Amino acid sequence: MNPIWVFLLSIATTLVIMNAQSAVKPLVKTIKGTVHDVFVGNWKPKKHLPSAHDVFVGNWKPSENDTVSKRVPGFGAIINVFYGDQVCGQGFDNEAMKNIISHYLYYLDFMGVGREEAGPNEVLSCAEQAAFKPSGSQSSS
């Protein structure tokens with residue numbers, strides 16, 4: 001199973017388990033809304049950004065500019081689409097990026113998918129990637 005789909009499945013499974021516990025239903029609604037906003041908000045292509053869907057399913061191919069900017073297909077590119085320069089391009093000591101990767105690897109282990117499926121560190125992280133869209137720039141959808 002593709003490691004990216006394992007990650008998405010883990011989020012869905014967590015939501016189903018939490019939804020089964022009526023005491024946490026208000027929290028589940030908040031989490032569902034947040035997850036929905038993050039994924040749907042980044043799902044469609046935007047100027048200067050690949051479609052998150054294309055990155056997820058492996059259809060995104062780096063341009064020459066992407067290659068120069070050290071962007072490669074993999075989980076690091078997905079982090080870059082969602083978070084940009086908030087976590088990417090800041091080296092391997094960035095705690096936010098390490099936390100995201102740690103959770104991803106946890107769910108790979110949880111689902112019984114080998115960590116080797118996630119790829120080498122250059123593919124797994126966005127530590128050396130230039131952000132697709134720096135946070136100071138304007139976006140147009």
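**Exercise 1. Place tyrosine 106 in this predicted model: is its side chain buried, partly exposed or exposed, and which patch does it belong to?**

*Solution.*
Step 1. Start with the accessibility: tyrosine 106 has a relative accessible area of 47%. Partly exposed covers the range between 20% and 50%, so tyrosine 106 is partly exposed.
Step 2. Now find its element. Tyrosine 106 sits in helix H6.
Step 3. Look at its partners on the surface. Tyr106, Phe110 and Met111 make up a nonpolar patch there, and together they have about 320 Å² of accessible area.

**Exercise 2. Find the salt bridges and say how buried or exposed their partners are.**

*Solution.*
Step 1. Here is the idea to keep in mind: side chains of opposite charge can pair when their charged atoms come close. The cut-off is a side-chain nitrogen within 4 Å of a carboxyl oxygen, and the count comes to 3 salt bridges.
Step 2. Take aspartate 66 and arginine 71. Their side chains meet with 2.5 Å from N to O, and both residues are buried.
Step 3. Go on to helix H6, which spans residues 95–110. Lysine 98 pairs with glutamate 95, with 3.2 Å between the closest N and O atoms. The two residues are 3 apart in this helix, so about one helical turn separates them. Lysine 98 is partly exposed at 35%, whereas glutamate 95 counts as exposed at 55%.
Step 4. Finish with aspartate 109 and arginine 115, whose side chains form a salt bridge at 2.7 Å, N to O. Aspartate 109 has a relative accessible area of 40% and arginine 115 has 43%. Because these values fall between 20% and 50%, aspartate 109 is partly exposed, and arginine 115 is partly exposed too.

**Exercise 3. How many residues of helix H5 are buried, and which residues of the largest nonpolar core touch the most other members?**

*Solution.*
Step 1. Count along H5: 8 of its 9 residues are buried, so the helix is largely enclosed by the rest of the structure.
Step 2. Name them. The buried residues are Phe75, Gly76, Ala77, Ile78, Ile79, Asn80, Val81 and Phe82.
Step 3. Turn to the core. The largest nonpolar core has 25 residues, and those touching the most other members are Phe75, Ile79, Ile101 and Leu124. Two or more residues of this core come from each of helix H3 (52–57), helix H5 (75–83) and H6.
Step 4. Follow the chain past the helix end: just after H5, glycine 84 has a positive phi of about 55 degrees.

**Exercise 4. Which cysteines form the disulfide, and where do they lie?**

*Solution.*
Step 1. A search of the whole structure gives 1 disulfide. Cysteine 88 is joined to cysteine 126, with an S to S distance of 2.1 Å.
Step 2. Place both ends. Cysteine 88 is in the loop between H5 and H6, and cysteine 126 is in the segment after H7; the pair, 38 residues apart, links distant parts of the chain.
Step 3. Check the handedness and burial. The angle about the S-S bond is -85 degrees, a left-handed link, and both cysteines are buried.

**Exercise 5. Is glutamine 129 buried or exposed, and which residues does it touch?**

*Solution.*
Step 1. Glutamine 129 lies in the segment after helix H7 (121–124).
Step 2. Its relative accessible area is 2%. Buried means under 20%, so glutamine 129 is buried.
Step 3. Leaving aside residues up to four places away in sequence, its contacts include Arg71, Gly76, Asn80 and Cys88. Arg71 was met above as a salt-bridge partner of aspartate 66, and Cys88 as one end of the disulfide.

Key. Residues numbered from 1 in each chain as written. Predicted model: local features only at pLDDT ≥ 70, side-chain atom pairs only at ≥ 80, totals over all residues. Heavy atoms only, no water. Buried < 20%, exposed > 50% of the residue type's maximum accessible area, 1.4 Å probe, protein only. Helix = DSSP H or I, 4+ residues; strand = E, 2+ residues; numbered from the N terminus. Core = buried A, V, L, I, M, F, W, Y, C linked by side-chain atoms within 4.5 Å. Contact = heavy atoms within 4.5 Å. Disulfide = S-S within 2.5 Å. Patch = residues over 30% accessible without salt bridge, like charges linked within 9 Å, V, L, I, M, F, W, Y side chains within 5 Å. Areas by Shrake-Rupley, 256 points an atom, 1.4 Å probe, with all protein chains shown as cover.
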